[in-house]
Amino acid sequence: LGLPLNTAASSRRARALGGAPCRSVTMAATETCEANLYTAVSNSCTMASHEDLRACSFDAWYPRLRRVSIKSRVLELPAGFVDYLLEDSDGIFIPPPSAGGSGGGSTGWSDEEDGVDSADEPTPPPVFGFDMDGLFAQVDAAIAALGGVAFPKMNWSSPRDSAWVLGGSLKCVGARDVVTLLKCSQHVAHDLHEHAAALGGGDDGAAWGRWVLVLRSWSNLHPAGEFRCFVRDGVAFAICQRDRFTHYAHLEAEREELLERLGNFVHACLGSDAEFGVGGRACAVDVYVDSGKRVHLLDLSPFAEATTDPLLFSWAELAEFAARARSDDVRNESELRLVGADAAVGVRPSATMYAGIPLELQPGMASAAEDDGVGAVSGGGEGQGADVTSAVELMRSALQLDELH
């Protein structure tokens, strides 16, 4: 975005990773120590370690920091439900309301076609490896305790990419809404596959152990109040907007106040925490500043390129800032990066809209599906590729008509 960097003074004491202070007597020696720090931190922030993943799992940090976070309910998920989420099938089966307590929420998906009497071809009920009715009842009870509306997520990720299923919102009023979002989300599937493998659970997500469903009290958060803080040793060394595409004029006038308020909040919450403070662990902290200037903790993420979006920074910059944060002389320096008025001009990409388009209908995917033999793989016959192409053309025609109107 062409925003200026906050360059610290060139002369400072650098502290080696896990060692004693560098006793430099020349500028060259100091710069060498800082370069070593940068290299070590840069190498460590590529992939999330086992310890980082476990520490940033919601059920690990929320009990200690719940007083400064949003009211939530944590439900431990049975292994059979994880298998159900990972099941790769041509359809999404959501039990009817009568099969899951109140089962409130949207009507979900149905395999029955209009005008077809399903009584002529009875379908045996699906067999789950867990108590679906009991889980639905727990979810409905938790949502009711949170006021009747909740925001769902799992250990690390929320199903933001599947919000289109519920009309573009993650607002859930019942278990059916929650399960539908989770089942349709690639973000959740990524956690179940990749994070489980990284934690030693293999490709089978259920093998790792403690998978949880988190239901958070629904709040209408204004994007201007959301920030991501990159933290080491209780120091927020880099802060930026969560909304990377919008300029909010009032934020620039509040820059110094935000730096002080967010820095104090992070230090108070994580400065003396054994997991994130004295242990030297770096992480990304998502916070929200409400209209009364009160700061709320939203989430924690590993300080790793493979799992966390740097937003307005690059990972090279963050590695440099993290290395500086280990020097006593610059512990009070923080970089607050905001979207400038000139950077917010023009058409901007939207991850939400892109995620809302099914993969088969994204530009270029129809021909790729034909080339890869979609019909053969899915067992849909040789007409499957043509069906995909027809669907894409139909969608494009509909979009062009919408643009004309």
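Colleague: Let's start with Phe-303: is this residue buried or exposed?

Modeller: Keep in mind that this is a predicted model. Buried means under 20% relative accessible area. Phe-303 comes out at 4%, so this residue counts as buried. Phe-230 is buried too, with a relative accessible area of 0%.

Colleague: Okay, and how many aromatic pairs does the structure hold?

Modeller: There are 13 of them.

Colleague: How do I read one?

Modeller: You describe a pair of aromatic rings by the distance of the centres and the angle of the planes. Take Phe-230 and Phe-303: their ring centres are 6.3 Å apart and the planes sit at 70°, which makes the pair edge-to-face because that angle is over 60 degrees.

Colleague: Where along the chain do those two residues lie?

Modeller: In distant parts, 73 residues apart. Phe-230 belongs to strand β4 (residues 226-232), while Phe-303 is in the loop between β7 (295-302) and α10 (315-324).

Colleague: What about the rings of Phe-230 and Phe-313?

Modeller: Their centres are 6.0 Å apart with the planes at 90°, so that's an edge-to-face pair. Phe-313 lies in the loop between β7 and α10 and Phe-230 in strand β4, so the pair ties together parts 83 residues apart in sequence. Phe-313 is buried, as is Phe-230.

Colleague: Which residues form the aromatic cluster with Phe-230?

Modeller: Phe-237, Phe-303, Phe-313, Trp-315 and Phe-321 join Phe-230 in one cluster.

Colleague: And which charged end sits over the ring of Tyr-84?

Modeller: That's Lys-183, whose charged end is 4.6 Å from the centre of the Tyr-84 ring.

Methods
Residues are numbered from 1 along each chain as its sequence is written. This is a predicted model: local features need pLDDT of at least 70, side-chain atom pairs count only at pLDDT 80 or more; totals for chains, interfaces and linings use all residues. Side-chain values use heavy atoms; hydrogens and water are left out. Rings of Phe, Tyr and Trp (its six-membered ring) pair if their centres lie within 6.5 Å; planes under 30 degrees apart count as stacked, over 60 as edge-to-face and the rest as tilted. Helices (H or I, at least four residues) and strands (E, at least two) are DSSP runs, numbered from the N terminus. Buried means under 20% relative accessible area, exposed over 50%, partly exposed in between (1.4 Å probe, protein chains only). A charge sits over a ring if NZ of Lys or CZ of Arg is within 6 Å of the ring centre and within 35 degrees of the ring normal.
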